[in-house]
Amino acid sequence: MAYNDDKINMVHGAGGEVMQDMIGDIILGNLSKTSVNGGIGLEALDDGATIPLDDDHVVVTTVDSHTVQPLFFPGGDIGRISAAGTLNDVSVMGVKPVALTNAMVISEGFPRSDLDTIMKSMNEACEEVDAAIISGDTKVIDQDKLDGIIISTSGIGIGKKEDIVTDAGLEVGDKVIITGSVGDHGMAIMSKREGFGYDTELKSDVAPVWSMVEAAKKVGTLTAMKDPTRGGIANALNEMANKSGVGMLLDEEKIPIKDAVNAVSEMLGIDPFEVANEGKVIMGVKADTAEDVLDAIQKTKYGKDAQIIGEVTEGKHVIMETVIGGERLIEPPMADPVPRVC
């Protein structure tokens with residue numbers, strides 16, 4: 001399907017190749033300056049940007065807007081995902097997130113009790129990494145002009161230049177680690193929307209990932225990181241490989257997927273590799289430290305299902321060895337098949 005007309009549609013915000021094309025053609029194509037002081041800028045299309053402060057230290061910053069529907073879903077709500085999603089984009093750049101800013105556009109008539117719950121959820125996510133919400137803005141708009149609430153958050157981290165990990169540093173021979181089961185968030189959203197009754201089994205994985213990143217960095221050498229949100233692990237793995245100029249060979253048996261995720265995926269005909277995760281990290285790790293990193297991650301609150309799922313190879317493709325002994329090419333999706341997932 002082609003998306004070359006003059007209209008923006010839902011697929012342009014769904015995290016796949018169509019969205020990347022729009023960013024390159026319209027957004028980056030109209031900006032004359034996209035970085036500061038030689039830091040990592042927008043043109044890198046990483047999870048965050050860096051602003052060097054001096055020869056040794058950088059500020060990491062990122063920004064997210066959240067339009068998830070429904071606002072409350074199994075395992076979380078728009079408040080938790082607004083905080084965790086932005087904290088995670090800072091975390092996978094290799095530094096501890098220290099602060100968020102929070103801007104909300106609220107529909108007239110929105111329940112005060114729901115807003116109270118959302119703010120409590122944001123606070124709880126920040127407390128997990130000892131981050132503060134330091135500034136914000138609130139607007140109210142006519143009831144028929146907005147679907148409930150939209151939340152935009154920006155994140156800030158401070159660290160040393162040597163702490164920074166990009167999504168483009170993979171090298172041949174590195175091991176690839178996923179910090180937990182895939183597809184949980186997207187499938188939890190779809191099961192809630194479609195009323196499949198998996199509320200007790202299938203929950204979103206939305207959570208801050210800093211504890212897993214911190215544990216990994218203490219014992220191993222990380223070469224690349226990315227959180228596989230929109231477009232799922234299929235998009236994230238391909239983006240990391242393409243930027244690094246390498247390929248990957250994955251083992252399907254090692255990729256953790258919950259039974260409930262498989263059930264909903266099969267029912268809807270959706271590939272769980274292409275749907276969003278909101279509490280996972282894909283890491284490239286030097287082979288000689290990979291087992292230590294895996295052990296450290298598995299001891300954290302959210303990392304018990306972490307696995308080494310493959311290794312970095314020469315070439316340009318992400319290939320998965322299947323459980324039946326064949327090979328499957330993992331391609332980047334055109335878009336995440338689950339809209340309004342974050």
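These exercises, each with a worked solution, walk through one predicted model.

The model is predicted: local features need pLDDT of at least 70, side-chain atom pairs count only at pLDDT 80 or more, and totals for chains, interfaces and linings use all residues. Residues are numbered from 1 along each chain as its sequence is written, and side-chain values use heavy atoms, with hydrogens and water left out.

**Exercise 1. The cores**

Task: Find which residues of the largest nonpolar core touch the most other members.

Solution:
- Start with the term. A nonpolar core is a set of buried Ala, Val, Leu, Ile, Met, Phe, Trp, Tyr and Cys residues joined through side-chain atoms within 4.5 Å.
- Buried means under 20% relative accessible area, exposed means over 50%, and partly exposed lies in between (1.4 Å probe, protein chains only).
- The largest core has 54 residues. Ile 149, Met 187 and Met 283 touch the most other members.
- Now take Met 187. Contact means heavy atoms within 4.5 Å. Setting aside neighbours within four places in sequence, Met 187 is in contact with Leu 202, Val 261, Val 264, Ser 265, Ile 270, Val 275 and Val 338.
- A second core stands separate, with 22 residues. Ile 178, Val 182, Met 248 and Ile 282 are among them.

**Exercise 2. A helix pair**

Task: Describe how helix H5 and helix H8 pack, and name the residues that make the contact.

Solution:
- Locate the helices. H5 covers residues 210-219 and H8 covers residues 290-298. Helices (H or I, at least four residues) and strands (E, at least two) are DSSP runs, numbered from the N terminus.
- Read the geometry. The angle is about 150° and the axes are 8 Å apart. Axes are lines fitted to C-alpha atoms, for helices over the stretch in contact, and angles run from 0 to 180 degrees between N-to-C directions.
- List the residues. H5 gives Met 212, Ala 215, Ala 216 and Val 219, while H8 gives Asp 292, Val 293, Ala 296 and Ile 297.
- Sort them by class. There are seven nonpolar, no polar and one charged residues. Here Ala, Val, Leu, Ile, Met, Phe, Trp, Tyr, Cys and Pro count as nonpolar, Asp, Glu, Lys and Arg as charged, and the others, Gly among them, as polar.
- Look at burial. The buried residues of H5 are Trp 210, Met 212, Val 213, Ala 215 and Ala 216. Their cover includes helix H2 (78-91), strand S5 (97-107), helix H3 (112-129), S9, S11 and H8.

**Exercise 3. Lys 226**

Task: Decide whether Lys 226 is buried or exposed, and find its polar partners.

Solution:
- Place Lys 226. It sits in strand S9 (residues 222-226).
- Check accessibility. Lys 226 counts as buried because its relative accessibility is 6%.
- Find the partners. A polar contact is a pair of N or O atoms within 3.5 Å; within protein, one must be able to donate a hydrogen and the other to accept it, and residues adjacent in sequence count only if both atoms are side-chain atoms.
- The Lys 226 side chain makes such a contact with the side chain of Asp 47 at 3.5 Å. Another, at 2.9 Å, goes to the side chain of Asp 167.

**Exercise 4. Arg 80**

Task: Find what the side chain of Arg 80 reaches.

Solution:
- Arg 80 is in helix H2. With a relative accessible area of 13%, Arg 80 is buried.
- Its side chain reaches the backbone oxygen of Val 206 at 2.9 Å.
- A polar contact of 3.3 Å links it to the side chain of Tyr 302.

**Exercise 5. Backbone exceptions**

Task: Locate a cis peptide bond and two residues with positive phi.

Solution:
- Recall the usual case. Most residues other than glycine have a negative phi, and most peptide bonds are trans.
- Gln 69 and Pro 70 are joined by a cis peptide bond, with omega about 5°. Pro 70 lies in the loop between strand S2 (57-66) and strand S3 (72-73).
- Asn 37 has a phi near 55°. Its place is the loop between helix H1 (17-27) and strand S1 (49-52). Asn 37 is exposed, at 59% relative accessible area.
- Leu 45 has a positive phi of about 50°. Leu 45 lies in the loop between H1 and S1. Leu 45 counts as partly exposed, at 24% relative accessibility.
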